[in-house]
Amino acid sequence: MNKRVSRSLSAQLFCGVLLSLLAAAVMFGLCAKVGSYVLEKTVYGKPIVDQMADQQFAQLQRYVEQEDIGRRNLHRLNAWCSRGEQVYLTVYLDGEILYESPRSGAELETELEVEDFVIEAEDPQRAYTLTLSDGNVTQAFLYYYAGDAFFYWVMGLSGLAAFLLFSLCFISFVHRKLRYVQKLKEELDILAGGDLCHPVTVKGEDELGELAGGIDQMRRSILAHQAAESQMRCANSQLVTAMSHDLRTPLTALLAYLELMERGKYDGAEQLRHFIHRSLDKTMQIKSMADKLFEYFLVYSSEWEEPELERVDADGLIQQFWGEYIFSLKSKGFSVQAELGPLKGSLLANTGLLRRAFDNLYANLLKYAAPEQPVEILCRREGAQLQLSLTNHISGQRDEKESTNIGLNTCQRILQHHGGSFSAQEEAGQFCVLLTLPLVQ
């Protein structure tokens, strides 16, 4: 059950989302780390910071000169310092703090007194000499901050890269499934066009794979059904052709004999007996053909009703049927080696149908068995089953005799309806039949 769930489309979709998110997280971390490294080596690096600080101080010096800023109006530096949040400025004269640029954000939460500013606490590397317009030479400490804008850009680009990778991974997974659906659609179009020999691609064990497997199984079933229908049409055609030809000859002769007898056109009782004998012979031929039609119905009809079964003694039935067949075979010159029972049980059987099946087997022996070789007939009990085997050498004239195999197919159908089995095989010039029937106590 767990294995089946793990292969479902919903589980695959969930795993695809998780894997895509994992790949996106890895991409975000990697891009953020690389971006931070690049920032540290560029805009946040000391050479860039020093260069930008120098440029800012040069601008500050020009601003002081242009705005005529002296010791008394240092507060006017607030306008220059407030242009952005990239600089922080303090100005000292003889070690005494004269000016501090405006603070914002968290810095405003703590009020600093003048005595808190000690020149020794400043960074010597950020020291500059600022000349005021009134001639005072002060010591200024200018701190340049690249700001968070670059960091935000790095985080934004990292997020964009992660989103693109997530989309690519997820869309690739979905596209692979959609490609398979498109392939199934193309193959269904081929099948709808009538080419049922085109196989359906079965890929995976999820719902799509099961759907494809079901479609392919349906395609094979339709092909098998069409083949069976074609076989039935061919058999029907052959049967109609054979019957129309075979019935015409004996019927014509029978009508001729009956017409002669009705008109009294015969010479004496001897010729009358000859006409009657020939008429009976033609009647038997027509009966044989009618029997073939019945057997054909048994084999190919899908609406054959289940036979009514009755309980009969197995030993009595076999002795009655096959005792007669063995006697007839011997009277016709066959050498028979027989063993019938004891079976010690009963059969649930339709004796009429069993008689027809056994008649077919007996007729096959007469028609195809070599008279000069022994015919082996064995009937014994094997567990809870009656087992009958017939073995004979095949006559050399077998190829000259037409066979439609309807008789053997009839036997198989009758045995199946009795809950038994039937098999026939030819090997090394011998023909072997084995049939079984269930025995009841």
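Start in helix H5, where Phe 166 and Phe 170 sit four residues apart, which means about one helical turn separates them. In this predicted model, the two rings form a stacked aromatic pair, with 6.1 Å from centre to centre and 0 degrees between the planes. Neither ring is tucked away by the numbers: Phe 166 is partly exposed because its relative accessibility is 22%, and Phe 170 is partly exposed too, at 25%. Bear in mind that the cut-off for buried is under 20% relative accessible area.

Stay on H5, which spans residues 149-192, and you'll find a charged pair with the same kind of spacing: Lys 185 and Asp 189 are four residues apart, so about one helical turn lies between them. They form a salt bridge, and their closest N and O atoms are 3.3 Å apart. Lys 185 is partly exposed at 47% relative accessibility, and Asp 189 is partly exposed with 44%.

Now over to the sheet. Four strands make an open sheet in the order E2-E1-E4-E3, and the pairing is antiparallel. At the edges are E2 (96-100) and E3 (127-131), each of which pairs on one side only. From one strand to the next, the twist averages 35 degrees.

Take the E1 and E4 pairing next. E1 covers residues 87-93 and E4 covers residues 137-144; the two run antiparallel and are joined by six bridges. Leu 89 faces Leu 142 of E4 across this pairing. The two strands also share an aromatic contact: Tyr 92 and Phe 141 pair edge-to-face, at 5.7 Å centre to centre with 85 degrees between the planes. Tyr 92 is in E1 and Phe 141 is in E4, so this pair ties together parts that are 49 residues apart in sequence. Both rings fall under the cut-off for buried: Tyr 92 has a relative accessible area of 1%, and Phe 141 comes in at 3%.

Move along to E3 and E4, which pair in the antiparallel sense over five bridges. Here Thr 129 stands across from Gln 139 in E4. The hairpin that connects these strands has five residues between them, and within the hairpin Gly 135 adopts a positive phi near 95 degrees.

What lies across the sheet? Helix H3, residues 46-67, lies across E1, E3 and E4, and runs at about 15 degrees to E3. On E3 you can sort the residues by face: Tyr 128 and Leu 130 belong to the covered face, while Ala 127, Thr 129 and Thr 131 belong to the uncovered one.

H3 also brings us back to charges. Asp 50 makes a salt bridge with Arg 126, the closest N and O atoms being 2.5 Å apart. This one links distant parts of the chain, since Asp 50 is in helix H3 while Arg 126 is in the loop between E2 and E3, 76 residues apart. Are these two buried or exposed? Asp 50 is buried, and Arg 126 is buried as well. Add Lys 46 and you get a network of salt bridges linking Lys 46, Asp 50 and Arg 126.

Further along the chain, have a look at helices H8 and H9. Arg 355 forms a salt bridge with Glu 324, with 3.5 Å between the closest N and O atoms. Glu 324 is in H8 (residues 314-331) and Arg 355 is in H9 (residues 351-368), so the pair ties together parts that are 31 residues apart in sequence. Arg 355 is partly exposed, with a relative accessible area of 23%, and Glu 324 is partly exposed at 42%. The structure as a whole holds 13 salt bridges.

There is an aromatic cluster to pick out as well, made up of Phe 321, Trp 322, Tyr 325, Phe 358 and Tyr 362. The aromatic pairs in the structure number nine.

Last stop, the cysteines. How many disulfides does a search of the whole structure find? Zero. If you want to look at individual cysteines, Cys 169 is partly exposed at 29% relative accessibility, whereas Cys 379 is buried, with a relative accessible area of 1%.

Note on methods: Residues are numbered from 1 along each chain as its sequence is written. This is a predicted model: local features need pLDDT of at least 70, side-chain atom pairs count only at pLDDT 80 or more; totals for chains, interfaces and linings use all residues. Side-chain values use heavy atoms; hydrogens and water are left out. A disulfide is a pair of cysteine sulfur atoms within 2.5 Å. Buried means under 20% relative accessible area, exposed over 50%, partly exposed in between (1.4 Å probe, protein chains only). Two strands pair if DSSP finds at least two bridges between them. Axes are lines fitted to C-alpha atoms, for helices over the stretch in contact, and angles run from 0 to 180 degrees between N-to-C directions. Contact means heavy atoms within 4.5 Å. A salt bridge is a side-chain nitrogen of Lys or Arg within 4 Å of a carboxyl oxygen of Asp or Glu. Rings of Phe, Tyr and Trp (its six-membered ring) pair if their centres lie within 6.5 Å; planes under 30 degrees apart count as stacked, over 60 as edge-to-face and the rest as tilted.
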